[in-house]
Amino acid sequence: MDRTRLPPAARELLWPLLLLGPALPFLAGLAVAAGLGRYGWWVPQAAVVGAAVLEALVGADAFGPRPSVHALLDRGPYHRALLYAFVPVYFGALVWSCSRWAAPGFPVPDGLGLALAVGWGGGVAFTVSHELGHGRLRAERWAGRLLVAPFAYGHYYVEHGRVHHALVATPEDPSSARLGEGFWAFLPRVLVGRVRAGWRSEVLRLARQGRGPWHVRNELFRSWAPTVVLYACLVAAFGSRPMPYLAVQVALALLIQESASYIQHYGLLRQAGATGRHERPAPRHSWNSNALVGNILLCNAPRHSHHHVAPGRHYQTLRLVDEALRLPAGYLSMIPLAWFPPLWRRVMDPKVVAHYGGDPARANVSPADKDKNKDKDVGYFESWAPTYDASMLQKRYFHPVQHVVLDHARSLAPRPPSVLDIGCGTGALLRGARTRFPGSALTGVDPAPSMVRLAHATAAARDGAAGRERYVVGRAERLPFPDASFDLVLSTLSFHHWADQRQGLTEIHRVLRANGCAVIADHFAVGWLRPFFAVARKRGRMRTRREVEALMRASGLRPAGWHIAHTVPSLLRARPYRRTGPPLLPLTAVATAVKDPGRPAD
C-alpha cells in the first residue's frame, strides 16, 4: 500500500542520495578516522542493512511526474548531472580502496570489509550504467560502459539492448527468470547466457555488414577494452595485492545486479499468438516496487514496467503504470530474499500462478523442463509396468478410488455410448467399467507404451473383452481422437502427471460431445494437505479447488461438483470411501465438469 505522500519538490531533493552507494568506501574510511578502529571498515554493511530497514519503514510513494512535465524534467541538467557525478565518485572510491589494499600489513578482515563496501557501490553502479546506456548522447553511453568495466561486463550493453528488450519475459531471454527456477540455478544461466546472446547478436550484425566475428568493429571487443585498460593501470599503480579484494567486490556487484534481473521478470511470460510471435512487452510483464528508499537509491529501476514500455524514458520520469505487477516489498528486501529459493518460491510462486488465473502453464516455464518432466514421468511408469498390477497400492488405494469414480460417473451418465479413460495404465478402471456401462464403447489412453501393451494383453485374454475395449498410446495434452468423440471422460490419479494441465482440460473439452461429463480424481490440495502441497516440488500440479475450477472454465468446461474420493482411514482399511459424515484426513478428491453446448475454450 502506498502510504508515503512526499511532495514532488521534496522528492527531487532526495535524488543526490543515489551517490551514497559509490561513497560507501569513503564512509568506511571516515568511520575508522572517527575512532571506530577496525570496526569502521564494516560500517557500510550496517548502512546497507539500515537502508533495507528504512525502506520497509518509510514504505511506498506512488508519485509519478505528470506527462506534461516530462519534457521539463528531461531538459534540466540536474538529474543528468547526478549520473555524471556518479562516475568520478565511484572510480575515486575504487582507486582509494586499491591504495588501502596495497598498503603493507593491511589486515585481511579490514580489506574484506572494504571490498564489500566497494561491491555494494558496484551493484548501484549497474543501475546508473543502465540508465546512461539508454542515453541519447554517445558520451553518456560510453560513460555507462566505463561503469561496468571493473566487472568485465561490457557485453551487457549488446545483450541488454538487442536481446533482453526484444525477448523479455520469454523462455529465450537469458535474463528472464522462469517460474520455479531458484536464483542459484538462474545465476550461472544468466552469466553465461548474456555472453552467448551478446556474441550471437554481434556476429549477426557484423555478418550483415560483410565482416567476420573477429573484426575490430566488434562491439563486444570495444566494450571489454576498458576492462583490460583499467586493470592494467591498477596493477601498474598498486601491484597484485588488491586483486583478491577486487575479485570479492566484482562477485558482490554481479550478485546484486543479477539478483535484480532475477526478480524483475520472474515467471512472467509474453503469450504467443497464432503466428507464434510473442505479444508486445506490456506493464504486466515486469515486477515493480514503489518503495521510496529503494527507488531513490536505485534510479527508479524498481519501476521496471514503465522502462520496458518506454525504454528511452529517463529515470526521473518513470512511474508505476497501470497493469504493473507489484512486488510484496521493495528491492532492498526482495533481493536478499531471492538468495533463499524456498522462501522466495513460497512468497512469489503463488503470485505468479494467481496472475495467470491458477494456470502455471501460462507462465514462463522452461520448455526443456516441461519435456524433462514428461519424459521422467513416462519413464517411471514404463519401468513400473511389469509389476504395476501386483503393487499393494492397487488394493489399498487405486482400486478404491476407481470404485468411487465409477459409481459417481454412473450417477451422472447412466448409459454413455462412449467412455474415455485418460492415464488408463493397465486398464483396471475400464475393466471395472464393463459391468457399470455394459453397452458402452470403452477407450483408454496412456503415454507409457508398456502400460498400453499390458492393457491390450489383459483385454485380449478375456472372452469378448477385446472387442469392447481399445487402448492407444497418447498424452492428455494431445489426445489422438477426433472432436466430439466421447460422452464421458474419466481420469484417476493421473492429473498431477500432466505437464500442461490446462491444455489437457482443453483437449477433454474438444473430444467431449455436448453435455458430456468429465470426472477427474487426483491428489488435489484439499484440507490438511494444502500446506504440504504448497511447498511440494510439484506445487504447480497439485491444485486447490479454486485453481482446478479456474482451469476448467478457461478450458471451456463448467465445474459441476466436488467431493472426497479417499481418506487416510479408507486407505488403512483398503476399502472405498463411504460418506458417513465429514471426511477425516482426505487424500483424494473428485472434480466434475460438464461441456455446455456452444461454449468454446478461452
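**View 1. Strand 3 and strand 6 lie side by side in this predicted model.** Strand 6, which covers residues 486–492, runs parallel to strand 3, and four bridges join the two. One pairing to look for in this view is that of Val 419, whose bridge partner in strand 6 is Leu 488.

**View 2. Strand 3 also pairs with strand 4.** Here the pairing is again in the parallel sense, and five bridges connect strand 3 with strand 4. Within this pair of strands, Ile 422 stands opposite Val 445, a residue of strand 4. To pass from strand 3 to strand 4, the chain goes through helix 18, made of residues 428–436, and the resulting β-α-β crossover is right-handed.

**View 3. Strand 3 is covered on both of its faces.** On one side of the strand are Ser 418, Leu 420 and Ile 422, while Val 419 and Asp 421 are on the other, and all of these residues are buried. Because five of the five residues in strand 3 (residues 418–422) are buried, the strand is largely enclosed by the rest of the structure.

**View 4. Helix 18, the helix of the crossover, is mostly covered.** Of the nine residues in helix 18, eight are buried. Among the buried residues of this helix are Ala 428, Leu 429, Leu 430, Gly 432 and Ala 433, and the arginines Arg 431, Arg 434 and Arg 436 are buried in helix 18 as well.

**View 5. Thr 443 and its surroundings in strand 4.** Thr 443 belongs to strand 4, which spans residues 441–446. Its relative accessibility is 3%, and because a residue under 20% is called buried, Thr 443 counts as buried. Leaving aside residues up to four places away in sequence, Thr 443 touches Val 419, Leu 420, Asp 421, Leu 430, Arg 470, Phe 481 and Phe 486. With one of these residues, Arg 470, the side chain of Thr 443 also makes a polar contact of 3.2 Å through the arginine side chain.

**View 6. Two of the stretches that carry a UniProt annotation.** An unreviewed UniProt entry gives the annotation "transmembrane region" to residues 43–60, 81–102, 114–132 and 220–239. Over residues 43–60, the chain of the model is 89% helix and 0% strand, and the C-alpha atoms at the two ends are 26 Å apart. Over residues 114–132, the chain is 100% helix and 0% strand, and here the end C-alpha atoms are 26 Å apart.

Conventions
Residues are numbered from 1 along each chain as its sequence is written. This is a predicted model: local features need pLDDT of at least 70, side-chain atom pairs count only at pLDDT 80 or more; totals for chains, interfaces and linings use all residues. Side-chain values use heavy atoms; hydrogens and water are left out. Buried means under 20% relative accessible area, exposed over 50%, partly exposed in between (1.4 Å probe, protein chains only). A polar contact is a pair of N or O atoms within 3.5 Å; within protein, one must be able to donate a hydrogen and the other to accept it, and residues adjacent in sequence count only if both atoms are side-chain atoms. Contact means heavy atoms within 4.5 Å. Two strands pair if DSSP finds at least two bridges between them. A crossover is right-handed if, with the strands pointing away from the viewer, the path from the first strand over the helix to the second runs clockwise. UniProt positions are given in the numbering used here, feature names are shortened, and annotations may be inferred rather than shown by experiment.
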